[in-house]
Amino acid sequence: MEEHKVPLWRDDRFLKIAGQVLVMLIVLIVAAVIVNNVTVNFRRLGLNFGFGFMSNPASFGIGDSAIPYTSTDSFGRALLVGLVNTLRVVVFGIFFATILGIIVGIARLSDNWLVRKLASIYVEIFRNTPLLLQLFFIYTVGFLSLPRVADSVQLPGPTFLSNQGIYLPWPTGSARSLIALALLIASLALVIFFWQRRLKVMELEGASGNGYRNLLFGLGAVGLLALLFGLEWQAPAFANEAVTGGLHLSSEFGALLLGLVLYTAAFIAETVRAGIQSVSKGQWEASKALGVNSGQAMRLVIFPQALRVMIPPLTSEFLNLAKNSSLAAGIAYGDVYQIATTINNQTGRVIEVVILVMITYLTINLIISLGMNLLNQRVQITER
Amino acid sequence: MRKWISLLLATVLTATVAVACASSSDTAAGGDAGGGESELTKVINRGSLVCGVNGQLPGFSFVDSKGEYSGMDADYCRAIAAALFDDPSKVEFRNLSAQERFTALAAGEVDVLIRNTTWTINRDTALGLEFMPTTFFDGQGMLVTNASGVKDLKGLSGKSICVQSGTTTEQNLTDNFRKQNIPFTPVVFDDEDALYSAFTQGRCQAATSDRSQLTARRKSLPNPDNYAVLDEVISKEPLGAAVRNNDSKWADAVKWITYSTFQAEELGITQASLAQAESSKDPEVQRLLGKEGTLGTDMGLPNDFAARVIKAVGNYGEIYDRNIGKPFTLERGLNNLWTKGGLIYSPPFR
């Protein structure tokens, strides 16, 4: 009968279960309220839930589309255009932000006073002002102040630059250019393979490597021919106060990419600096003792160790970049969020569209997380 | 023993949750399916009207530096407040973007949406809105620079055109240019101010919107004489108020308050001549002003609602002239009374 001496409200096992039940209860109530609210309001307004509308024709134009799109295509296709536009900015954004961030991060630890100070001024300015403000500034003061399209600047190539964006020569999408592209990639891959093979042979066997050298030259020639003639470059042309043909990278794309890169790189720079500073001083001293110069020490000794500390916070920066790309709507870039709001407005399917957009961003970010986690596992110390 | 008691309690608690959830959703659904309280009653009980407006558009609804609203849409908000409370200042204005407006109305954030909104079948049906009589018959046009020498739509072939997202203009533009087979690039902005700033910087060779809006906007650009609105009209844009579906009491109130301004103009009753009209022998005037019959009380409004509206904002012609006609020298055109060749027509007050 001793067990009755502990009252229920002080019983550890009871409290644990009761706590969980309470949390479960709150979650269930919140979910029920949301679902109930939505169904009631749907019924009140006489609306039905469904995704059938996605196959209706969109009948709105998109200025910037990387895949073929016309206004007769479906809402689904329009959303896909937006997704490609988002991915375009996110992928290039992560690439350039990482490079810039690492450079600035290392520059913040430079022995050179000017470089160090410039890097910190950059970081402080971009880290401490709102991204939307930066985007507006870069867009209106930067890109829109370029010459008007009627007085486009022609650069060699031929490339045309105006406040509509930049027009670059670009391969046509014909079968011939696709074959040439395949040839180019194949020759590049073979060049890398044989290059390493040649180094290995020269190092281990002391061979001259002349045979490999000739092979490499041959492959290079094939690649060059494919690049120049096989790809069927289509040059942009200027006529009637407008530029047609070639690849068009719009000012909006440029402004968004530049804005995201500059903003995110400032954060990445701090992560890189913290990572490098977390490596113990002894590592520097040990490398110096072995006669390694400071550049090599950074590249071969310090940075690989710093990477272990850097990758988890870097992942969050990449995720932030992906989510921040939705600010595109402010500067007229047709990303997935902007297209979704347009669809939402024309069909009135708010809930459905919001669900789709949430799934899209969630998927993009889960893929980024997955990739970074794999990278993280690879750079961790393998204990023996 | 203890373990057993804990387990029992946990089970009971979970069961309670499940039951509570089920029953709460049942009652809520049952209550709302019945229709609930009309917005009219809610607004009267609250003592003020929440009106969704644009706030950025001179002539329709525009906030000045003192926070005062002016414009036709703003005046119709005031007209409703005047009819209900005999006080046109009992309006809470909410600025809404083109994107937000329908969600705000559907969610009940605003009682009525008077935000230069085009009446379309899709919005009327699929979006769950109820449109009120059109207060401004507009059409979509193009704003271009004089320097560009563009005179018609064909001249815009291959050009970039600035357009606002979440509007009917975005769709009209695409449909029209597709029909005429003119290639163009849309540049879609969320914000009106950003749109016109990009247009003046030459990012687009034309800006498109309702012609009244373009005319009003042109006046506020740095050098208005450098810009022109093309004569071509590419769509019908009937602008008016909108309320939520399935609340006919409230819809009736807003509808007839709007019509009363039309009817007043037709009968020649102005803000100035209201006192004189009240002693008129004309039975039509008597009925409109609530001196005779129970037209107002029949729909849950004060019987003299029309008189209150006219006292506060005047008749339709006065509202038009004050907000659009005089400041932007825009002809009445389609917005004239039906007796003068326009489309402003009120069903009889009988």
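This tour goes through a predicted model in a series of selections, with a note on what each one holds.

**Chain A as a whole**

Start by selecting chain A and showing it as a cartoon. The chain carries 11 helices and eight strands. Orient the view along the principal axes: the C-alpha trace of chain A covers about 90 × 70 × 45 Å. The radius of gyration of chain A is 28 Å, whereas a compact globule of 384 residues would have one near 21 Å. Colour by burial next, and 30% of the 384 residues in chain A come up as buried. If you draw contacts within chain A between residues at least 6 apart in sequence, 67% of them join residues at least 24 apart.

**A residue to stop at: S59(A)**

Stay on chain A and select S59(A), in the loop between α1 and α2 (75-107) of chain A. Check the backbone here: phi of S59(A) is near 45°, a positive value in a residue other than glycine. Most residues other than glycine have a negative phi. Is S59(A) buried or partly exposed? It has 18 C-beta neighbours inside 10 Å, and 20 or more would be needed for a buried residue, so S59(A) counts as partly exposed.

**Where chain A meets chain B**

Now show both chains and select the residues in contact between them. Chain A contributes 44 residues and chain B contributes 47 residues. On the chain A side, the elements that give two or more residues are α1 (12-45), β7 (242-244) and α10 (336-347). Which of these gives the most to the side of chain A that touches chain B? The answer is α1(A), with 14 residues. Colour this side of chain A by residue class and you will find 16 nonpolar, 22 polar and six charged residues.

**The two domains of chain B**

Hide chain A and colour chain B by domain. Domain 1 takes in 39-138 + 238-340, and domain 2 takes in 140-235. Place a marker at the centre of each domain, taken over C-alpha atoms, and the two markers are 29 Å apart. Then select the contact between these domains: 15 residues of domain 1 of chain B touch 16 residues of domain 2 of chain B. On the domain 1 side, β2 (56-57), β6 (112-118), β7 (129-138) and α14 (316-328) of chain B each supply at least two residues. By class, that side of domain 1 of chain B has seven nonpolar, seven polar and one charged residues.

**Two of those strands, closer in**

Begin with strand β6 of chain B and pick out N116(B), which lies in it. Phi of N116(B) is near 25°, again a positive value in a residue other than glycine. Is N116(B) buried or exposed? With 26 C-beta neighbours inside 10 Å, N116(B) counts as buried.

Move to β2 of chain B, which belongs to an open sheet of three strands in the order β2-β3-β4, with antiparallel pairing. The edge strands of this sheet are β2 and β4 (69-70) of chain B, each pairing on one side only. Two bridges join β2(B) to β3 (residues 61-63) of chain B, and these strands run antiparallel. To see a bridge pair, select Q56(B) together with its partner in β3(B), F62(B). The tour ends at this pair.

Conventions: Residues numbered from 1 in each chain as written. Chains lettered and ligands numbered in written order. Predicted model: local features only at pLDDT ≥ 70, side-chain atom pairs only at ≥ 80, totals over all residues. Contact = placed C-beta atoms within 7 Å. Helix = DSSP H or I, 4+ residues; strand = E, 2+ residues; numbered from the N terminus. Nonpolar A, V, L, I, M, F, W, Y, C, P; charged D, E, K, R; others polar. Domains from an automatic or database assignment. Rg over C-alpha atoms; globule rule 2.2 N^0.38 Å. Buried ≥ 20, exposed ≤ 12 C-beta atoms within 10 Å, placed from the backbone. Pairing = 2+ DSSP bridges.
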